[in-house]
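These are my notebook entries on one protein chain. I set down what I looked up, entry by entry.

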Amino acid sequence: MTLDGTNTWVLREPGARRSVVVDPGPSILEHLDAVAETAGEVGAVLLTHHHLDHSEAAREFAERMGCGVRALDPAYRLGSEGLGDGDVVEVDGLEVHVVATPGHTADSLSFLLPAEGALLTGDTVLGRGTTVVAHPDGQLGAYLDSLDRLHALAERAEARTIWPGHGPVIDDALGVLDFYIAHRRGRLAQVEAAVAGLAEVPAADLPRRVVEVVYADVDPVLWGAAELSVRAQLTHLGHLGH
């Protein structure tokens with residue numbers, strides 16, 4: 001589910017003394033050693049969201065480097081500073097603008113680097129494939145709003161490339177956001193059509209029956225994950241309670 005693993009981003013202005021590290025990832029000593037060597041002195045650790053493949057090593061790494069962890073969710077912070085929409089994190093000339101992008105999780109954030117035209121999206125946009133929005137933490141309505149918000153940044157050319165939490169860099173931010181929005185709208189239409197043909201199915205059985213219709217060409221081994229996604233879609237469409 002993590003493609004090639006989690007991308008840890010080390011950000012630093014040319015000639016600057018301190019770095020910003022985004023999503024230290026899992027607690028793997030070899031990985032953390034490599035990040036520490038690349039980063040040098042670290043001014044702050046930032047988290048895109050709380051999932052362990054992004055956040056597990058955050059406290060451990062920050063304590064090792066003598067800095068804080070800034071996150072939207074207070075449970076994942078180290079120190080007094082959090083993160084919120086519209087915040088600007090400044091470290092030795094580097095500016096990181098915080099954009100709230102809930103949906104994949106309630107605490108998902110993206111980070112815009114204006115000088116680079118780059119957008120760090122965590123799991124909101126991936127380098128390959130599409131993001132899982134899984135019930136109950138994932139909220140599809142919020143996710144669609146977040147995609148629209150990122151799309152607006154790309155339309156204004158403020159975000160030209162995407163540096164995702166998994167997979168390779170995407171050079172065409174606007175193109176991939178067009179695709180993501182169309183994919184989600186298309187999948188919702190498929191789910192709505194499936195529900196129309198399952199009018200007599202009890203609500204408790206509806207998610208799995210929709211999976212059997214919409215994901216008929218997907219390996220059944222993956223249907224459990226697909227069902228979490230379908231539950232989020234059915235909730236968004238009003239066919240399931242929250």
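**Entry 1: The annotated domain**

I began with the UniProt record, an unreviewed entry, which places the feature "domain: Metallo-beta-lactamase" at residues 5-166. The model I examined is a predicted one. Over residues 5-166 I found the chain to be 24% helix and 25% strand. The C-alpha atoms at the two ends of this stretch are 6 Å apart.

**Entry 2: Salt bridges**

How many salt bridges does a search of the whole structure find? I noted 10. I then looked up several of them one at a time.

Asp 92 forms a salt bridge with Arg 18, and their closest N and O atoms are 3.0 Å apart. This pair links distant parts of the chain, since the two residues are 74 residues apart. I located Asp 92 in the loop between β5 and β6 (94-100), and Arg 18 in strand β2 (residues 18-22). Asp 92 has a relative accessible area of 30%, so I recorded Asp 92 as partly exposed. Arg 18 is also partly exposed, because its relative accessible area is 25%.

Next I took the salt bridge between the side chains of Glu 63 and Arg 59, with 3.9 Å from N to O. Why are these two separated by about one helical turn? They are four residues apart in helix α3 (residues 58-65), and therefore about one turn of the helix lies between them. Is Glu 63 buried or exposed? Its relative accessible area is 52%, and the cut-off for exposed is over 50%, so Glu 63 counts as exposed. Arg 59, at 42% relative accessibility, counts as partly exposed.

Glu 158 forms a salt bridge with Arg 156, and here the closest N and O atoms are 2.6 Å apart. I entered Glu 158 as partly exposed because its relative accessibility is 33%.

I also found a network of salt bridges that links Arg 208, Glu 227 and Arg 231.

**Entry 3: A charged patch**

Which residues form a negative surface patch? I listed Glu 155, Asp 171, Asp 172 and Asp 178. I followed Glu 155 further and placed it in helix α4 (residues 140-155). With 57% relative accessibility, Glu 155 counts as exposed.

**Entry 4: Backbone angles**

Before this entry I reminded myself of a general rule: most residues other than glycine have a negative phi, and most peptide bonds are trans. I then searched for departures from it.

What kind of peptide bond joins His 135 and Pro 136? I recorded a cis bond, with omega about 5 degrees. Pro 136 is placed in the loop between β8 (118-122) and α4.

Asp 23 is not a glycine, yet its phi is positive, near 60 degrees. I found Asp 23 in the loop between β2 and α1 (29-39). Its relative accessible area is 2%, and the cut-off for buried is under 20%, so I entered Asp 23 as buried.

Ala 157, likewise not a glycine, has a positive phi of about 65 degrees. Ala 157 sits in the loop between α4 and β9 (161-164). At 40% relative accessibility, Ala 157 counts as partly exposed.

**Entry 5: Separation along the chain and in space**

Here I set the separation in sequence beside the C-alpha separation for three pairs.

Asp 73 and His 50 are 23 residues apart along the chain, and their C-alpha atoms are separated by 7.6 Å. I placed Asp 73 in the loop between β4 (69-70) and β5 (88-91). Asp 73 counts as partly exposed, because its relative accessibility is 27%.

His 236 and Ala 142 are 94 residues apart along the chain, and 9.5 Å separates their C-alpha atoms. His 236 belongs to helix α7 (residues 223-237). I recorded His 236 as partly exposed, with a relative accessible area of 36%.

How far apart in space are Glu 192 and Asp 107, C-alpha to C-alpha? I noted 28 Å, for two residues that are 85 residues apart in sequence. Glu 192 is in helix α5 (residues 173-196), and its relative accessible area of 34% makes Glu 192 partly exposed.

Technical notes. Residues are numbered from 1 along each chain as its sequence is written. This is a predicted model: local features need pLDDT of at least 70, side-chain atom pairs count only at pLDDT 80 or more; totals for chains, interfaces and linings use all residues. Side-chain values use heavy atoms; hydrogens and water are left out. Patches are made of residues with over 30% relative accessible area and no salt bridge: like charges are joined within 9 Å, nonpolar side chains (Val, Leu, Ile, Met, Phe, Trp, Tyr) within 5 Å. Accessible areas come from the Shrake-Rupley method with a 1.4 Å probe; for residues, only the protein chains shown count as cover. A salt bridge is a side-chain nitrogen of Lys or Arg within 4 Å of a carboxyl oxygen of Asp or Glu. Lys and Arg count as positive and Asp and Glu as negative; His and the chain ends are not counted. The place of a charge is taken as NZ of Lys, CZ of Arg, CG of Asp or CD of Glu. Buried means under 20% relative accessible area, exposed over 50%, partly exposed in between (1.4 Å probe, protein chains only). UniProt positions are given in the numbering used here, feature names are shortened, and annotations may be inferred rather than shown by experiment.
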